[in-house]
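Let's take a walk through this protein together, one piece at a time. Have the sequence and the 3D view ready.

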Amino acid sequence: MVVTTERDEMTWYKCEACGLMFDDQSDARQHEENCDAEEPSYIQ
Ligand SMILES: [Zn+2]
């Protein structure tokens, strides 16, 4: 899930699953689609 966060008077878009931050919402959403952190299917 992408969450917005304010830092240094800027809005950042953060991938909640892995903590990566983006300054562009579309970048964050694109990352989210490919983020492995949200897919725990191969956790042993
Ligand atoms: Zn991520």
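Before we set off, here is one yardstick: a residue counts as buried if 20 or more other C-beta atoms lie within 10 Å of its own, as exposed if there are 12 or fewer, and as partly exposed in between. Keep in mind, too, that what you're looking at is a predicted model.

Start with the big picture. The protein has three strands and one helix, and if you read along the sequence they come in the pattern β-β-β-α. Out of 44 residues, 5% are buried. As for contacts with a separation of 6 or more, 9% of them link residues that sit 24 or more positions apart.

Now for the sheet. In general, strands of a sheet pair through backbone hydrogen bonds, and they can do so parallel or antiparallel. Here, the three strands form an open sheet in the order 1-2-3, and the pairing is antiparallel. Strand 1 (2–7) and strand 3 (21–22) are the edge strands, each pairing on one side only. Look at where strand 2, residues 10–15, meets strand 3: two bridges join them in the antiparallel sense. To spot this on screen, find Y13, whose bridge partner in strand 3 is F22.

Next, slide over to the loop between strand 1 and strand 2, where you'll find D8 and E9. What is the phi of D8, which is not a glycine? It's positive, at about 55°. E9 isn't a glycine either, yet its phi is positive as well, at about 60°. And are these residues buried or exposed? D8 has 5 other C-beta atoms within 10 Å, so it counts as exposed. E9 is exposed too, because it has 5 other C-beta atoms within 10 Å.

Last stop: the helix. Helix 1 covers residues 25–34 and lies across strand 1, strand 2 and strand 3, running at about 5° to strand 2. One residue worth a look in helix 1 is H31. With 17 other C-beta atoms within 10 Å, H31 falls in the middle class, so it is called partly exposed. Which residues does H31 touch, leaving aside those up to four places away in sequence? They are C15, L20 and F22. You've met F22 already, as the bridge partner of Y13. As for C15, it is 16 residues away from H31 in sequence, and the C-alpha atoms of the two are 7.8 Å apart in space.

How values were computed: Residues are numbered from 1 along each chain as its sequence is written. This is a predicted model: local features need pLDDT of at least 70, side-chain atom pairs count only at pLDDT 80 or more; totals for chains, interfaces and linings use all residues. Helices (H or I, at least four residues) and strands (E, at least two) are DSSP runs, numbered from the N terminus. Two residues are in contact if their C-beta atoms, placed from the backbone, lie within 7 Å. Two strands pair if DSSP finds at least two bridges between them. Axes are lines fitted to C-alpha atoms, for helices over the stretch in contact, and angles run from 0 to 180 degrees between N-to-C directions.
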